[in-house]
Amino acid sequence: MPAGPTQLSGRRVAAALAAALPSAVVAEHDEWVEVRPERIVDALRWLHDAPDFDAAQLSNCCGVDRHDRFEVVYHLQSLDLNQQIVVKTTVADHERPSLPSAYAVYKGALLQEREIYDLMGIQFAGHPDLRRLFLWEGFPGYPLRKDFLGLGDTTPGLARFPFENKAQPDRIINPGLRPATPDPASQEAPPGWRGDARA
Amino acid sequence: MARGRARMTTSSEPYVLNIGPQHPSTHGVFRLRVAMDGETIVDMDMIVGYLHRSMEKLAEERTYTQNIPFTDRADYLAAMSGNLGLCLAVERLAGVEVPERADYLRVIFAELQRIASHAMANGTLVSDAGAWQTPLLYMFREREKILDLFEMTCGARLTTNYMRIGGVAFEPPPEFWPALRELVDELPDRIDEYAELLTDNEIFLARTRGVGVISAEDAINGSLTGPALRGSGVPWDLRKAEPYAVYDRLDFEIPVGRRGDVYDRFMVRLEETKQSTRLIRQAMAEIPEGPHKTQIPLALRPEPGEVYGRVESPRGELGYYLVSDGSPAPYRFHIRAPSLINLSLLRALAIGSPLPDAVVTLGSIDIVVGEIDR
C-alpha cells in the first residue's frame with residue numbers, strides 16, 4: 001500500500017492510543033488507526049499532546065461516503081518530528097450523521113469541517129460556526145454524497161457524460177452509482193429548490 | 001472636567017460594510033461582510049462559493065488523467081503545481097515509475113510557476129498597500145516571460161495541463177533552453193530591483209510592519225502552510241520535509257520570517273523566488289537525457305486503496321486525498337486547498353484591526369479563489 005514516506009505505521013499509533021485511551025481504538029491498519037466516533041476528540045487531543053507523536057497540525061480533514069456509512073479522515077502531522085498520522089472514524093448513521101468537532105483541539109478545523117458539512121452533510125457538534133460554506137442555506141441535499149444525483153434538469157454528469165454510452169457498456173465508470181432505471185420523481189425539482197427563482 | 005460644563009460626546013454605532021464579490025482587494029470573486037465601528041473591525045464574515053464548480057463531484061466520473069485539467073482550474077495561478085500534486089498522488093497510488101528527465105522537467109516548471117505566482121502575490125499585495133500598479137506591472141514583466149516559456153512548451157499560459165501520470169506531456173522545444181537560460185540569468189537582478197523598490201520603502205513598511213501578526217503556535221494550530229506559516233518563523237517546506245521529484249538532490253534554503261507580520265510574509269515570498277532561481281539553475285545543469293514520460297494504460301485502474309499525496313504549492317500544502325475502488329475513476333477525490341485553509345485565522349486577525357490593515361493581511365495570505373471554491 002502506498003503510504004507516504006513520513007507516515008507513521010497505524011499499528012504503532014493504535015498500540016499507543018489503546019494503552020492511553022482504552023476502548024477508543026476500533027480497528028488498526030498499516031496506514032491508519034480507526035477511532036470510535038465519540039472518542040475522536042479525546043484521541044486527537046492525546047495525539048496532539050503526546051511528545052512521541054506531537055501531532056501539532058491538522059493537515060487535512062475530509063469525509064468519504066461509503067454508501068451505508070461515512071468515514072471522516074484526519075491527516076495529522078508533527079512539524080518537529082516530521083511525521084504524519086492518519087486517524088479515521090466512521091459515522092454509522094447515514095441519515096443524520098453527527099460527529100464531535102475537532103475545533104477544540106485544532107483551530108484549523110474551522111473551515112475544513114464547514115466544508116464537510118456543506119458538501120457531505122455531517123454535523124459537527126461543538127463547532128462554533130457550522131454553516132454552509134460554498135452553497136447557500138436552503139440548498140437541497142449534500143452534493144458529495146453518493147446518492148446525490150439530480151436537481152431536476154441540472155443532473156450532474158452521469159447521464160450526459162460521453163463515457164456513459166450504452167453501445168459501449170464496458171466504458172461505464174462506477175456502474176454501481178447509476179440507478180437502473182431513472183426515477184421520474186427524481187427528475188422533478190425537490191421541495192425548497194429555488195434554482196429558477198429570480199429573487 | 002469642570003462642573004457645569006456640558007460634556008460633549010460623540011456616539012458611534014456599528015455598521016455593516018460589504019466588500020466584494022467584485023473588488024480589487026479581494027483578489028477574485030470573494031466577499032467579505034465586515035461589521036465596523038468607525039474604522040475598526042468588530043466582526044467579519046467571509047462568503048465564498050461564487051466560483052464553486054463541484055470539481056470533487058465531477059472528478060468521481062472521470063478517469064485520473066481526465067482530472068488533471070481540473071487541477072489547472074483550481075489554483076489558476078499555479079497550474080503546474082496543481083498538476084504535479086495530482087500526478088504524484090496517482091503515481092504513488094498506482095505504482096507508476098517516472099523517468100528521471102521528467103522529474104527534472106517537473107522541478108523546472110514547478111519552480112518557474114512558483115516565481116510567477118509569487119510575483120503575482122507580491123505585486124497585488126503592494127498594490128493593496130498603496131503602491132498602486134507600478135510594482136505590480138514590474139513583476140508582471142517577469143511573469144510574462146515565464147508564461148511565454150509555458151506557451152512555448154505546452155501551448156497554454158495559465159491552464160497548462162502539462163504534467164501527466166508517469167511524466168510530462170511534451171519535451172520542451174529547442175528554443176526553450178536558451179530562453180530559460182536568459183531568464184534565469186536576469187532574474188536575480190530583477191528580484192534585487194524589487195527589493196530595492198520596496199523593502200526599505202517607508203510607506204510600505206508603515207503599512208505592513210506589525211500588521212496581521214500570526215504567532216508560530218497559532219499558525220501551526222490553524223493549519224496554515226506555505227509562506228503564511230514560514231513568515232511566522234516555522235521552517236516547514238514539503239520540498240525538504242518530504243522531498244518529491246528530485247528536490248532531495250538540489251541545494252536550496254527555506255527562508256523564514258521572524259515576526260509573522262505582513263512584511264515577513266512578503267519577504268519570504270521574495271526570498272523564495274531567489275531560491276527558485278537557484279533550483280532552476282541546478283536542474284538545468286543536471287538534467288539527464290532520456291524519455292520524458294512512461295507509457296500508462298489509457299484507463300488506469302489503481303488497486304483499491306487510498307493515498308494522500310501532497311506538494312508544496314506557492315500557497316502551501318496542496319494535498320490530494322484519493323480513494324480508489326479499482327475502477328478507472330476515483331471513488332473519492334479531495335483537494336486539500338491551502339488557499340481556503342490558510343483563511344482559518346482571518347476572522348481572528350481582522351477583529352480589532354482597522355479595515356486597511358485587514359485588506360493587506362488578506363493580501364499577504366495570498367488566496368486564489370478558484371482553489372478556495374473548487
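**Second largest cavity.** I started with the second largest cavity of this predicted model, which has a volume of about 80 Å³. I listed its lining: from chain A come A:Glu115, A:Leu119, A:Phe134, A:Pro143 and A:Leu144. From chain B come B:His52, B:Ser54, B:Met55, B:Glu56, B:Lys57, B:Asp373 and B:Arg374. Which elements supply at least two residues each? I noted helix H3 (109-120) of chain A and helix H1 (55-59) of chain B. H1(B) gives the most, with three residues. By class I have five nonpolar, two polar and five charged residues in this lining.

**Largest cavity.** Next I checked the full search, which finds nine cavities of 30 Å³ or more. The largest has a volume of about 100 Å³. I count 13 lining residues for it, and closest to its centre are B:Ile115, B:Ala119, B:Ile191, B:Tyr194 and B:Thr273. Four helices of chain B, H4 (100-128), H5 (134-154), H6 (176-198) and H11 (262-286), each supply at least two lining residues. The class split here is seven nonpolar, three polar and three charged.

**Nonpolar cores.** Then I looked at the nonpolar cores. The largest has 65 residues, and it draws on both chains: the members touching the most others are A:Tyr74, A:Leu76, A:Ile85, A:Val87, B:Phe30, B:Leu32 and B:Leu343. I followed up A:Val87, leaving out residues up to four places away in sequence. What does A:Val87 touch? My list reads A:Val33, A:Val35, A:Ile40, A:Leu47, A:Val72, A:Val73, A:Tyr74 and A:Leu76. Apart from the largest core lies another, of 55 residues, and I wrote down B:Met80, B:Ile108, B:Tyr244 and B:Ala283 as being among them.

**B:Ser223.** I wanted one loop residue, so I picked B:Ser223, in the loop between helix H8 (216-221) and helix H9 (227-230) of chain B. Is B:Ser223 buried or exposed? Its relative accessible area is 0%, so I put it down as buried. With neighbours within four places in sequence set aside, B:Ser223 is in contact with A:Gln57, A:Leu58, A:Gly108 and A:Gln112 on chain A. On its own chain, the contacts are B:Arg336, B:Ile341 and B:Asn342.

**Helix H14 of chain B.** Why did I mark helix H14 (residues 355-365) of chain B as largely enclosed by the rest of the structure? Because nine of its 11 residues are buried. I noted them as B:Leu355, B:Ala358, B:Val359, B:Val360, B:Thr361, B:Leu362, B:Gly363, B:Ser364 and B:Ile365. After H14(B) comes B:Asp366, with a positive phi near 65°.

**Chain totals.** Last, I put down the chain figures.

- Chain B has 15 helices and 10 strands, and 62% of its 374 residues are buried.
- For chain B contacts with a separation of 6 or more, 72% come from residues 24 or more positions apart.
- I get an accessible surface of about 13800 Å² for chain B, with 53% of it on carbon and sulfur atoms.
- Chain A has three helices and seven strands, in the order α-β-β-α-β-β-β-β-α-β along the sequence.
- Of the 199 residues in chain A, 50% are buried.
- Of chain A contacts between residues at least 6 apart in sequence, 47% join residues at least 24 apart.
- The accessible surface of chain A is about 9400 Å², and carbon and sulfur atoms hold 52% of that.

How values were computed. Residues are numbered from 1 along each chain as its sequence is written. Chains are lettered from A and ligands numbered from 1 in the order in which they are written. This is a predicted model: local features need pLDDT of at least 70, side-chain atom pairs count only at pLDDT 80 or more; totals for chains, interfaces and linings use all residues. Side-chain values use heavy atoms; hydrogens and water are left out. On a 1 Å grid over the protein atoms alone, a cavity is a set of points where a 1.4 Å probe fits but cannot get out, and a pocket is an open set with protein on both sides within 12 Å along at least five of seven lines; lining residues have an atom within 4 Å of a point. Grid points are joined across faces, edges and corners, and a volume is the space filled by probe spheres set on the points. Ala, Val, Leu, Ile, Met, Phe, Trp, Tyr, Cys and Pro count as nonpolar, Asp, Glu, Lys and Arg as charged, and the others, Gly among them, as polar. Buried means under 20% relative accessible area, exposed over 50%, partly exposed in between (1.4 Å probe, protein chains only). Contact means heavy atoms within 4.5 Å. Accessible areas come from the Shrake-Rupley method with a 1.4 Å probe; for residues, only the protein chains shown count as cover. A nonpolar core is a set of buried Ala, Val, Leu, Ile, Met, Phe, Trp, Tyr and Cys residues joined through side-chain atoms within 4.5 Å.
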